[in-house]
Amino acid sequence: MIDIEPHIRALHGPILVTGASGFVGANLFHLIAKYRSDVFAVVQREKNWRLQDVPNHQIAAVDLNDENAVKNLIDGTTPKTVFNCVAYGAYSFEKDASLIYETNFLSTTRMVAMLANRPFSAFVHAGSSSEYGNNCAGPREEDPCAPNSDYAVSKVAVSNYLNYMGKHKHFPCVNLRLYSVYGPLEDTSRLMPSLVREASAGHWPPLVDPRTSRDFVYVEDVCIAFILAATKMNPSLFGESINIGSGKKTTIADLVEIAKDAFSVPDSPAYNSMDARSWDLQNWFSNPEKADRAIGWRAEITLETGLKRLSEWMATLSPEEIASNTKRSTAGKKRGVSAIIACYKDAQAIPIMHRRLTDVFSKLQIDYEIIFVNDCSPDNSAEVILDLSKQDRHVLGITHSRNFGSQMAFRSGMELATKDAVVLLDGDLQDPPELIEQFYSKWEEGFDVIYGRRIKREMPWAWGLLYKAFYRVFAAFSYVAIPLDAGDFSLIDRRVVGWLLRSPERDLFMRGLRAYVGFRQIGVDYIRPERLFGRSTNNLLKNIDWAKKGIFSFSNVPMSILTATGVVLFGISLLAVATVIVLRLLFPEISPKGVTTLLISTLFFGSLNLLAIGLVGEYVAKIMTEVKGRPRLIRSALIRGGKTTHLLADGAAD
């Protein structure tokens, strides 16, 4: 067996594994992550059961069919190696032809085009043996392809594109034509897991025609092929396709005999008890000679050994996990939401917030978690959250070491959130939880960010007027399009959260940053009620500071105004000097006399200088905050299940 560790360490990083929530991608990511910390799992929306234990900072939620999202991914990670395992259409129920071509072909061409203009080492693409279609009896890589499905056509298109990019554009890429991969983390509804599960219980699953054949190759062998292709990338490999299979034709009847010996099944199977797929054939096996010659790879794990290893993995799963770890079971599953509540002096409101959120999520019938962030509140908020966590397993509490502000409270919750989207709410109940139902509906329509738009506030009219004025001035000044009257109250898709968390600034203005990252956004109108308990912690000075935070974070207009004012005043000064000289020479009796004019001019320009220094100082202060590199926030404890866990500096439990 090849010692793969030196090859993994030799990969040029950072490393991306796209389609990492899939079977092959997840196995490949886990193998590389054993030895490398600069590998990222790229998923469409969220990490699924295959990536459950992967740290969030190694997850990149990106829709690869979104060109801007792909550009942000590449700009943000600057990868040197990409293992492209994303695919759609391999399952018989995945029939959307347009999505097949967009996911398998167009997304790959977009990504490769962006990578081709950068320093780059290796692009290894997961192709498919279905590219050969009807010409599937031990074909060599140069033999013609005869695709017999939309999926196969899309894969052939990619292999031709990569061949062009490799041979004519000298892009370091290779296409691996994978045969029937099986092993741990496979969809439990597929043939091999079903066979192992049923055979272990002493009987057989439904089977197709016994003459139907496959070329079974164990997933660990396949992952090794990916890594070898990347480390041995050279101009002779650029654009090539390579068969990754065992080279052995195994019929369903052969597979049954092997399983019968391995699991001692007494019964005989009922062949033709299930419908064959339209592309199933009787002579489907590989010719792997080129893989051995070009990258030094051959399949090492026998079918008997592979079945035993798969059986060992299956034995670790509960019946519920076996039933749920399938793509079909999750295809129509409603996505879950993490509610993040920033709490400061909100102890009385927390139980009401919990009840109202629970009612909303129960009505929506979705998976959820409720994260209360106690931002070092001086009241008994921590005790209230602790009591709620005893009663409700959905509740998680975060306690900060000091007051870091609501923006950092939201970030703290987002870093620990595990669901498909987050909802940000203030703990004073001015953000009505019932609006989440409308947010969720818009999310299901395809919007990535749904924010609450305050069309009216239950407060004195003067304050309401000032708030409206701020948003309009802010929108006029900002270099990004900021929605009017939109606060932090919003539902944000997981992949957008990923980009928010990649933003490094410490002086956060979440609603501005939310607009900056883009994606599909829409507002939902609501009337913002008055605070239910106590008095607002905001005052005029805090609101002025809040306005400064937004304007100085997302606008250069104050500096531009100073420059323009300086130019205009310089012009006026020159004109005034010329006027005084002319008057002194031609009309000395009416020329300005005394110190009044001089005093006014001095006061005016002195005040202007102080204003300019103050504005520049605001920007310098923000720069100082960022370059110091202090921790954005410090969590002192986590609350879950009625227990408080105190944290050390590295985030580990004390």
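The legends below accompany an overview and several close-up views of a predicted model.

**Figure 1. Overview of the chain and its secondary structure in the predicted model.** The chain has 654 residues, of which 50% count as buried, and its secondary structure comes to 22 helices and 20 strands. When contacts between residues at least 6 apart in sequence are considered, 80% of them join residues that are at least 24 apart.

**Figure 2. Close-up of the packing of helix 6 against helix 8.** Helix 6, which spans residues 191–200, and helix 8, which spans residues 252–263, have axes that come within 10 Å and cross at roughly 40°. Because angles from 35 up to 65 degrees fall outside the roughly parallel and roughly perpendicular classes, helix 6 and helix 8 are oblique to each other. The crossing of these two helices, helix 6 and helix 8, is right-handed. On the side of helix 6 the contact is made by Leu191, Met192, Leu195, Val196, Ala199 and Ser200, and on the side of helix 8 by Ile252, Leu255, Ala259 and Phe263. Sorted by character, the residues of this contact between helix 6 and helix 8 comprise nine nonpolar and one polar, with no charged residue.

**Figure 3. Close-up of the packing of helix 8 against helix 10.** Helix 10 covers residues 303–314, and helix 8 packs with it at an angle of about 60°, the axes being 10 Å apart. Helix 8 and helix 10 are therefore oblique to each other, and their crossing is right-handed. Leu255, Ile258 and Phe263 of helix 8 meet Leu303, Glu304, Leu307 and Ser311 of helix 10 in this contact. The residues of the contact of helix 8 with helix 10 divide into five nonpolar, one polar and one charged. Leu255 and Phe263 of helix 8 are among the residues listed here, and Leu255 and Phe263 are also among those that helix 8 brings to its contact with helix 6.

**Figure 4. Close-up of the cysteine Cys85, shown with Cys223.** With a disulfide taken as a pair of cysteine sulfur atoms within 2.5 Å, the count comes to zero disulfides. Cys85 is accordingly in no disulfide, and the nearest cysteine sulfur, which belongs to Cys223, is 7.9 Å away. Cys85 has a relative accessible area of 13% and is therefore buried, whereas Cys376, at 34% relative accessibility, counts as partly exposed.

**Figure 5. Close-up of the cis peptide bond that joins Gly13 to Pro14.** The peptide bond from Gly13 to Pro14 has an omega near 0° and is thus cis. Pro14 itself is found in the loop that runs between helix 1 (5–10) and strand 1 (15–18).

**Figure 6. Close-up of the loop that holds Thr78, a residue with positive phi.** Thr78 is a residue other than glycine, yet its phi is positive, near 45°. The place of Thr78 is in the loop between helix 3 (67–77) and strand 4 (81–84). With a relative accessible area of 37%, Thr78 is partly exposed.

**Figure 7. Close-up of the loop that holds Lys345, a residue with positive phi.** Although Lys345 is not a glycine, it has a positive phi of about 60°. Lys345 lies in the loop between strand 12 (337–343) and helix 13 (349–364), and at 42% relative accessibility Lys345 counts as partly exposed.

How values were computed
Residues numbered from 1 in each chain as written. Predicted model: local features only at pLDDT ≥ 70, side-chain atom pairs only at ≥ 80, totals over all residues. Heavy atoms only, no water. Buried < 20%, exposed > 50% of the residue type's maximum accessible area, 1.4 Å probe, protein only. Axes fitted to C-alpha atoms, helices over the stretch in contact; angles between N-to-C directions. Helix = DSSP H or I, 4+ residues; strand = E, 2+ residues; numbered from the N terminus. Parallel < 35°, antiparallel > 145°, perpendicular 65-115°, else oblique. Left-handed = near helix turned anticlockwise from the far one by under 90°. Contact = heavy atoms within 4.5 Å. Nonpolar A, V, L, I, M, F, W, Y, C, P; charged D, E, K, R; others polar.
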